[in-house]
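Here is a quick tour of how two parts of one protein chain meet. Have a look at the model first, then read on.

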Amino acid sequence: MSATERVVGWESPSNIALVKYWGKHGNQLPMNPSLSFTLKNSVVRLKARYFPGNSDSSILQEFTLNGSQNQKFLNRIESFLQSQKLRYPFLNTISIDIESQSTFPHSAGIASSAAAFSALALVLETLNDTFGKKSSSQQEFFRKASYSARLGSGSACRSVYGGYTVWGSTPAVTNASDDYAIQIDSNDIHPVFDNIHDAILIADAGEKAVSSSQGHNLMQNHPYRNSRIIQAGKNLETLLYALKTGEEQLFVEIVENEALTLHGLMMTSNPGYVLMKPNTLLMIEKIREFRLQTGVNMCFTLDAGPNIHLIYFDKDKRIVREWIENNMKSLCCNESWIDDGLGEGPIPLTF
Ligand code: DP6
């Protein structure tokens, strides 16, 4: 490392939405409020080396993901950094190299952009503490990071915190905002939802045909747009109630309703499209069958892709894992599934 070179880094997780952000307006503002929990094992570690001076007009000189250069991500991050020069004037005076590592395969369909942009936003806020106006509290630091993360990728704003998070203004949560996410107070989460698990079952590892950005755009003129906004608000309110009171069955109902609604909205867009694969449906059927037979309150959710996030409670860990191994693994691509669950949020890296 040269005398003028400095390093800063953050490890930040992905998150899984239980009430889905789907549709946006203005500058990355959500069409409806969303709620997610932050994952534990699916993380991106992002290390930024920065140097004084811009050799050319670009800020980001190099970007690697898991050791390989990634031009697509480099371009996306570069245009994000360019757009942040007003908020972070120090970006006019430095160049940055980024090395990032993700713990999950790209094919898993886990939102790597949520983990990457939350890590990057935390890096920018850390630099801002040095070069700009230092945050007066931890809360302000993470709120500002969440704001920046949102501008990179909407769902990323929920990843700067651990636990359960809400993004988007709603009368159900005081202080909730369209501009940044906030963490739900742990007193409002019943112990049954502590250590909740997420088994990510890889139904298909192929590249998806329609990106999330295209999907968000299709919500603008969607025939169900207004009813979706109302439904998301109600689902969020009901889910908050279930999280507080520990009503598992209500939780299951809302989570599955949100997953199927998301894919229903995709299918009824113009043009409509389907991201679920035959094994997605087979898995859904098996999950519901197992729940009916055993009374175990597990449920599924889906991101904008074909893979199942099987959500289950800590008390059912043994029975559910055994069932996954014996019944679901064979349906997974390369028999692969990812054992994840509720995490505590990003951590700064030391070098
Ligand atoms: C289906 O956050 O990836 O995962 O803001 O365009 O980057 P951009 O979209 P993105 O959308 C994620 C949508 C979702 C639901 C959710 O995470 O809430």
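A polar contact here is a pair of N or O atoms within 3.5 Å; within protein, one of them must be able to donate a hydrogen and the other to accept it. Keep in mind that this is a predicted model. Between domain 1 and domain 2, eleven residue pairs are in polar contact, both residues at pLDDT 80 or more.

On the domain 1 side, strand S1 (6-19) and strand S4 (34-52) each bring at least two residues to the face that touches domain 2. S4 has the largest share of that face, with eight residues. Sorted by kind, the residues of this side come out as 19 nonpolar, ten polar and four charged.

So where do the two domains begin and end? The domain assignment puts domain 1 at 6-189 and domain 2 at 195-341. The C-alpha centres of the two lie 24 Å apart, and 33 residues of domain 1 are in contact with 43 residues of domain 2.

Some numbers for the meeting of domain 1 and domain 2:

| Item | Value |
|---|---|
| Area buried between domain 1 and domain 2 | about 3,300 Å² |
| Part of that area from carbon and sulfur atoms | 67% |
| Part of the domain 1 side's buried area from Lys20, Trp22 and Met31 together | 25% |

Those three residues, Lys20, Trp22 and Met31, lose the most area to domain 2 within domain 1. Lys20 also turns up in a salt bridge: its side chain meets that of Asp303 at 4.0 Å, N to O. Across the interface of domain 1 and domain 2, two salt bridges are found.

Definitions and conventions: Residues are numbered from 1 along each chain as its sequence is written. This is a predicted model: local features need pLDDT of at least 70, side-chain atom pairs count only at pLDDT 80 or more; totals for chains, interfaces and linings use all residues. Side-chain values use heavy atoms; hydrogens and water are left out. Domain bounds come from an automatic or database domain assignment. Contact means heavy atoms within 4.5 Å. Buried area is the accessible area (1.4 Å probe) that two parts lose on being put together, summed over both. A polar contact is a pair of N or O atoms within 3.5 Å; within protein, one must be able to donate a hydrogen and the other to accept it, and residues adjacent in sequence count only if both atoms are side-chain atoms. Helices (H or I, at least four residues) and strands (E, at least two) are DSSP runs, numbered from the N terminus. Ala, Val, Leu, Ile, Met, Phe, Trp, Tyr, Cys and Pro count as nonpolar, Asp, Glu, Lys and Arg as charged, and the others, Gly among them, as polar.
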